Amino acid sequence: MSQRASAPPSLLLQDLHCALDMRPVLQGLSTQPLSGGKVLTVVGPNGAGKSTLLRCIAGFLPCKAARLELDGVDLRPLKAARRSVSVRYLPQATPGMLHLSVLDCLRVALHVQGQPAPNASQRIAATAADLGLTDLLPRYLDELSGGQKQLVWLAQALIHQPRALLLDEPLAALDPNHQHHVMRLLRRLAAEQNLIIVVVLHDLNMAVRYADEVLVLHEGRNFAQGPVEEALTPAVLADVFRLKARLESCRQGTPFIIIDDLLMS
């Protein structure tokens, strides 16, 4: 795919509230504007509201917000189907066994809204090439590895050429090689296509290695946000994750977290 010529997109969230079964999950969550061309990793303990945040942005959960905008367009009145034109969401739970070829999967994704897609063949070919799936197009999903399937689900989201891509634990069940492959791919696509990419991750070291920015959620609120070294300080790691830990860099400059001890709850 060619690089976007327009200005990078911007996603703005202010005072976001969401309750599930009468239980508050997101409580007045606000973020700094999320710019295109970058990967934002969302981290936090279980129950912090990470998945809920993505589902609210995508329109799959009812929520209230002072502002929820993409490129200045108010997303609040738009239902999920309308938001999906510019915001694509990939949940953690992927489809079960499907006896469809990769090519048919991409065709189905491209025509999901019932309208013929312009330049469908070219878009499928370009998306497959971007993700290294060209040789797999005639293969069936139930013949592919977990990592290959994950790339197909990612291709289904990217084929719509969204402005923002929301990924909930895309590395789950992948081996280390495929985990790094997917994250490197996301970094490249964000830069090449001026995408906003928001990725929920449990693995802190994967988050710090590939993030342009980190958003730390705790009890439904924005506890910290910014570059890795600002968002994941020893104090934040202690308060949010109950870890005595620190951020270091290897000889090549890659950041990683060293855990020295666990803190009492």
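This tour moves through the structure stop by stop, stating what to select and what is found there.

The model is predicted, so local features are given only at pLDDT of at least 70 and side-chain atom pairs only at pLDDT 80 or more, whereas totals for chains, interfaces and linings use all residues. Residues are numbered from 1 along each chain as its sequence is written, and side-chain values use heavy atoms, with hydrogens and water left out.

**Stop 1: the six-stranded sheet**

Begin with the strands E8, E9, E10, E5, E11 and E12, which in that order form an open sheet of mixed pairing. Helices (H or I, at least four residues) and strands (E, at least two) are DSSP runs numbered from the N terminus, and two strands pair if DSSP finds at least two bridges between them. Strands of a sheet pair through backbone hydrogen bonds, either parallel or antiparallel. Colour residues 87-90 and 221-226 to mark the edge strands E8 and E12, each of which pairs on one side only. Neighbouring strands of this sheet are turned by 15 degrees against each other on average, direction ignored. For such angles, axes are lines fitted to C-alpha atoms, for helices over the stretch in contact, and values run from 0 to 180 degrees between N-to-C directions.

Next, select residues 38-43 (E5) and 196-200 (E10), which pair in the parallel sense over five bridges. Within this pair, Thr41 has Val199 in E10 as its bridge partner.

**Stop 2: helices on the sheet**

Add residues 50-58, helix H1, which packs on the sheet and touches E5, E8, E9 (164-168), E10 and E11 (213-218). Contact here means heavy atoms within 4.5 Å. The direction of H1 makes about 145 degrees with that of E9. Then show residues 176-193: this is helix H6, lying across E5, E9 and E10 and running at about 135 degrees to E5.

Just before moving on, select Asp175 in the loop between E9 and H6. Asp175 counts as partly exposed because its relative accessibility is 37%; buried means under 20% relative accessible area, exposed over 50%, and partly exposed in between (1.4 Å probe, protein chains only). A distance drawn from the C-alpha atom of Asp175 to that of Gly146, 29 residues apart along the chain, comes to 8.7 Å.

**Stop 3: the edge strand E8**

Return to E8, which pairs with E9 in the parallel sense over four bridges. The bridge partner of Arg88 in E9 is Leu165. In a regular strand the side chains alternate between the two faces of the sheet. Are the residues on the two sides of E8 buried or exposed? Both faces are covered: Val87 and Tyr89 on one side, and Arg88 and Leu90 on the other, are all buried.

**Stop 4: salt bridges and a hairpin**

Side chains of opposite charge can pair when their charged atoms come close. A salt bridge is defined as a side-chain nitrogen of Lys or Arg within 4 Å of a carboxyl oxygen of Asp or Glu, and by this rule the count comes to nine. Select Glu69 and Arg67, which form one of them with their closest N and O atoms 3.1 Å apart. Glu69 is buried because its relative accessible area is 17%, whereas Arg67, at 33%, is partly exposed.

Now display residues 243-249 and 255-262, strands E13 and E14, which run antiparallel and are joined by seven bridges. The two strands form a hairpin with five residues between them, and Gly253 in the turn has a positive phi of about 90 degrees. Glu248 has Phe256 as its bridge partner in E14.

Show the side chain of Arg246, which forms a salt bridge with Glu248, the closest N and O atoms being 2.9 Å apart. Asp260 also forms a salt bridge with Arg246, at 2.8 Å between the closest N and O atoms. This second pair links E14 to E13, its residues being 14 residues apart. Salt bridges that share partners thus join Arg246, Glu248 and Asp260 into one network. Arg246 is partly exposed at 31% relative accessible area, as is Asp260 at 39%.

**Stop 5: helix H9**

Finally, select residues 234-241, helix H9, whose buried residues are Val236, Leu237, Ala238, Val240 and Phe241. Arg242 follows H9 and has a positive phi, near 55 degrees.
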